[in-house]
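Work through the exercises below with the coordinates open. Try each task before reading its solution.

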Amino acid sequence: MATPPLSDEIRPAAGELARLDLLRIEHSGPVTHVRLNRPAKRNALNDSLVAQLQAAFSGLPESTQAVVLSGEGNHFSAGLDLFELSERSVAEAVIHSRSWHSAFEHVQFGRVPVVAVLHGAVVGGGLELAVAAHIRVAERSAYYGLPEGQRGIFVGGGGSSRIPRLIGAARMADMMLTGRVYDAEEGLRIGLSQYVVDTGQGLEKGFELAHKIAANAPLSNFAVMHALPRIADMAPGEGLFLESLMSAIASGDPAAKDRIKAFLEGRAAKVTRQ
Ligand code: 1HE
């Protein structure tokens, strides 16, 4: 995978974030890059890595306005560390699954939007992590699988809740029952990613998008992250009421007033074809 653009100076993380040895964390202006850094094990998610993800996403500095999440080596993530699984009792497995839920909630419902850049295997728990992000950019090498069915287990990292919301329960059932694997183009078509780019271009695209996100008013980003998915899950009556409240709160914020004034005075960009 290519290195990120050098438009901003890249600063290694400091303090607690620097101590997370299974992640590599760097700041580039308002964008923080969180890399899964266990390439020898294909970024398989063991207990320590899941705990470190939670620590990273709950400990982002105030300067961070968006995150790019990617994986070192040739694959985004091989999913659950299967070596740890074999040692777990049923009771421990429930707690373990809840620990993934907690960590991935910090990704989805943290302070800032997350752009996942995907390449190679995005499988099992790796896909569950990817779908906790808000935007997914897939390199053409990316492929998606849920081998839980073949391994005799079930998803435990929020996949049965988040994945059907993107692709429908029928497609997820097909992936789990038959081992069906989707490639990057198919993943784009069915909604697993919003973008596909050539292999080696993922980080550049991911950073471009993250910088755009970071330039939005923080309260707009917050509303998209926290209000939008909840409204989408509500009955229309309740959803529309919450939308009115969120909309009034966002438009009352000084950042909204400044931005609308800038447009009315001809100082803001028009919406054009891209
Ligand atoms: C692992 C894991 C792993 C690799 N746990 N160690 N996930 C899976 O069922 C996917 C299993 N993995 C694979 O299918 C392949 O490893 C890959 C397609 C991802 C990559 O293939 P490749 O040829 O590049 O690597 P490799 O030679 O298979 O693996 C390299 C090393 O990574 C090797 O260790 P080594 O010490 O022998 O070098 C592998 O053992 C190790 N490795 N994948 C542990 N998953 C909350 S519920 C979620 C449930 C799930 O995620 S189920 C899906 C599990």
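A salt bridge here is a side-chain nitrogen of Lys or Arg within 4 Å of a carboxyl oxygen of Asp or Glu. The model is predicted.

**Exercise 1. Salt bridges across the structure**

Task: find how many salt bridges the whole structure holds, and name the residues that are linked with Arg24 in a network.

Solution.
- Step 1. Search the whole structure; the search returns 16 salt bridges.
- Step 2. Look for linked pairs. Arg24, Glu26, Arg35 and Glu72 join in a network of salt bridges.

**Exercise 2. The partners of Arg88**

Task: identify which residues form a salt bridge with Arg88, and decide whether Arg88 is buried or exposed.

Solution.
- Step 1. Take Asp47. Its salt bridge with Arg88 has the closest N and O atoms 3.3 Å apart.
- Step 2. Place both ends. Arg88 sits in the loop between helix H3 (82-85) and helix H4 (90-108), while Asp47 belongs to helix H2 (residues 47-58), so the pair ties together parts that are 41 residues apart in sequence.
- Step 3. Take Glu84. Arg88 forms a salt bridge with Glu84 too, with the closest N and O atoms 3.5 Å apart.
- Step 4. Check accessibility. Buried means under 20% relative accessible area. Arg88 has 18%, so Arg88 counts as buried.
- Step 5. Check the partners. Asp47, at 39% relative accessibility, is partly exposed. Glu84, at 23%, is also partly exposed.

**Exercise 3. The Lys261 pair**

Task: state which residue forms a salt bridge with Lys261, and classify both ends by accessibility.

Solution.
- Step 1. The partner is Glu265, and the closest N and O atoms are 3.5 Å apart.
- Step 2. Lys261 has a relative accessible area of 47%, so Lys261 is partly exposed.
- Step 3. Glu265 stands at 45% relative accessibility and is partly exposed.

**Exercise 4. Packing of two helices**

Task: work out how helix H12 and helix H13 pack, and which residues meet.

Solution.
- Step 1. Fix the geometry. Helix H12 (residues 236-252) and helix H13 (residues 254-264) pack at an angle of about 70 degrees, and their axes are 5 Å apart.
- Step 2. Classify the angle. Values of 65 to 115 degrees count as roughly perpendicular. H12 is therefore roughly perpendicular to H13.
- Step 3. List the contact. From H12 come Ala250, Ser251 and Gly252; from H13 come Pro254, Ala256 and Lys257.
- Step 4. Sort these residues by type. The contact of H12 with H13 has 3 nonpolar, 2 polar and 1 charged.

**Exercise 5. Domains**

Task: give the bounds of domain 1 and domain 2, the separation of their centres, and how many residues are in contact.

Solution.
- Step 1. Split the protein chain into domain 1 (10-214) and domain 2 (218-264).
- Step 2. Take the centres over C-alpha atoms. They are separated by 27 Å for domain 1 and domain 2.
- Step 3. Count the contact. 10 residues of domain 1 touch 7 residues of domain 2.

**Exercise 6. Positive phi**

Task: determine where Arg42 and Asn43 lie, and whether each is buried or exposed.

Solution.
- Step 1. Recall the background. Most residues other than glycine have a negative phi.
- Step 2. Read the angles. Arg42 is not a glycine, yet has a positive phi of about 55 degrees. Asn43, not a glycine either, has a positive phi of about 55 degrees.
- Step 3. Locate them. Arg42 lies in the loop between strand E3 (31-36) and H2. Asn43 lies in the loop between E3 and H2.
- Step 4. Check accessibility. Arg42 is partly exposed at 46%, whereas Asn43 is buried at 0%.

Key
Residues numbered from 1 in each chain as written. Predicted model: local features only at pLDDT ≥ 70, side-chain atom pairs only at ≥ 80, totals over all residues. Heavy atoms only, no water. Helix = DSSP H or I, 4+ residues; strand = E, 2+ residues; numbered from the N terminus. Buried < 20%, exposed > 50% of the residue type's maximum accessible area, 1.4 Å probe, protein only. Axes fitted to C-alpha atoms, helices over the stretch in contact; angles between N-to-C directions. Parallel < 35°, antiparallel > 145°, perpendicular 65-115°, else oblique. Contact = heavy atoms within 4.5 Å. Nonpolar A, V, L, I, M, F, W, Y, C, P; charged D, E, K, R; others polar. Domains from an automatic or database assignment.
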